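This briefing walks through selected side-chain contacts, one helix and one pocket, grouped by topic. Please keep the sequence and the structure in view while reading.

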Amino acid sequence: MTETADFPPDRERPAGWLPPEEIARVRGIMPLVYVDAVPVRVDDSGDVVAVGLLLRVTREGVMSRALVSGRVMYHERVRDALVRHIEKDLGPVALPQIPAAPQPFTVAEYFPTPGITSYHDPRQHAVSLAYVVPVLGDCRPQQDAIDLAWLTPEEACAEQVQVEMNGGQGVLLRQAMAHVGRLG
């Protein structure tokens, strides 16, 4: 999972943001709600033709591929969290197409202890609602993302890409492609 943006100490935090020491305390005592988004391009018939994967550097200094991911803030609708994180990672003109009644294709449970599920986040126990989200606009890597690569579903699910993904996001990507009928 990727982290939502941290604000420099000299900027005021938006409503619903906790200071770093408080979020660390909360992460240690209760699960947090996240969204994971698999950004896709679709053709005229609605078939997925490309998957957008971010390139990031982990805290350990390792390059990795990642999905769009982040926390749902207090008093924020899930659809608003999806739009916020997609725009944060892909830019303000990504134009995500969130359905009128968004339904996740799965719920991913990230645990700080590896091996409980396919998903691991050493910082916390998180429950993430996962969505496949078509984007229509111009997408460019933002925040801490170095690059954005558009791959075919087959390329994105290939072993050489899967090993570049951390925390079980490769598993999540494969589930997403199976959900949209692009993985047998």
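Arg65 is buried, its relative accessible area being 15%, and this residue opens the account of the salt bridges below. The model is a predicted one, and every value quoted here is computed from it.

**Salt bridges**

- Under the criterion applied, the count of salt bridges comes to 10, and several of them are described in the points that follow.
- Arg65 pairs with Glu164 in a salt bridge whose closest N and O atoms are 3.4 Å apart.
- Since Glu164 sits in the loop between helix H4 (159-162) and helix H5 (169-179), while Arg65 belongs to strand S3 (residues 63-66), the pair ties together parts that are 99 residues apart in sequence.
- The two partners do not share an exposure class, because Glu164, at 34% relative accessibility, counts as partly exposed, whereas Arg65, at 15%, is buried, the limit for that class being under 20%.
- Arg77 and Asp80 form another salt bridge, in which the closest N and O atoms are 3.0 Å apart.
- Within that pair, Arg77 is exposed, with a relative accessible area of 52%, while Asp80 is partly exposed, with a relative accessibility of 34%.
- A salt bridge also joins the side chains of Arg182 and Glu154, with an N to O distance of 2.6 Å.
- This pair links distant parts of the chain, given that Arg182 lies in the segment after H5 and Glu154 in helix H3 (residues 153-156), 28 residues apart.
- Both residues of the pair are partly exposed, Arg182 having a relative accessible area of 26% and Glu154 one of 43%.
- In addition, Arg56, Lys88, Asp89 and Asp144 are joined into one network by salt bridges that share partners.

**A buried aspartate in a loop**

- Asp121 is placed in the loop between strand S6 (119-120) and strand S7 (126-134).
- The relative accessible area of Asp121 is 3%, so this residue counts as buried, a class that requires a value under 20%.
- The side chain of Asp121 makes a polar contact with the side chain of Arg123 at 2.6 Å, and it also makes one with the side chain of Gln124 at 3.0 Å.

**Helix H5 and the residue that follows**

- Which residues of H5 are buried? They are Gln169, Gly170, Leu172, Leu173, Ala176 and Met177.
- Around the helix axis these buried residues cover an arc of only 160°, which means that they are on the same side of H5.
- After H5 comes Gly181, a residue whose phi is positive, near 80°.

**The second largest pocket**

- The volume of the second largest pocket is about 250 Å³.
- Its lining consists of 12 residues, of which Leu32, Arg71, Val72, Met73 and Tyr74 are the closest to the centre of the pocket.
- Helix H1 (20-27) and strand S1 (32-42) each contribute at least two residues to the lining of this pocket.
- How many residues of this lining are nonpolar, polar and charged? The lining divides into 10 nonpolar residues, 1 polar residue and 1 charged residue.
- The charged lining residue is Arg71, because Arg counts as charged and the lining holds 1 charged residue.

Terms used
Residues numbered from 1 in each chain as written. Predicted model: local features only at pLDDT ≥ 70, side-chain atom pairs only at ≥ 80, totals over all residues. Heavy atoms only, no water. Helix = DSSP H or I, 4+ residues; strand = E, 2+ residues; numbered from the N terminus. Buried < 20%, exposed > 50% of the residue type's maximum accessible area, 1.4 Å probe, protein only. Polar contact = N/O pair within 3.5 Å; in protein donor to acceptor, adjacent residues only side chain to side chain. Salt bridge = Lys/Arg side-chain N within 4 Å of Asp/Glu carboxyl O. Arc of directions from axis to C-beta. 1 Å grid on protein atoms, 1.4 Å probe; cavity = no way out; pocket = protein on both sides within 12 Å on 5 of 7 lines; lining within 4 Å. Points joined across faces, edges and corners; volume = space filled by probe spheres on them.
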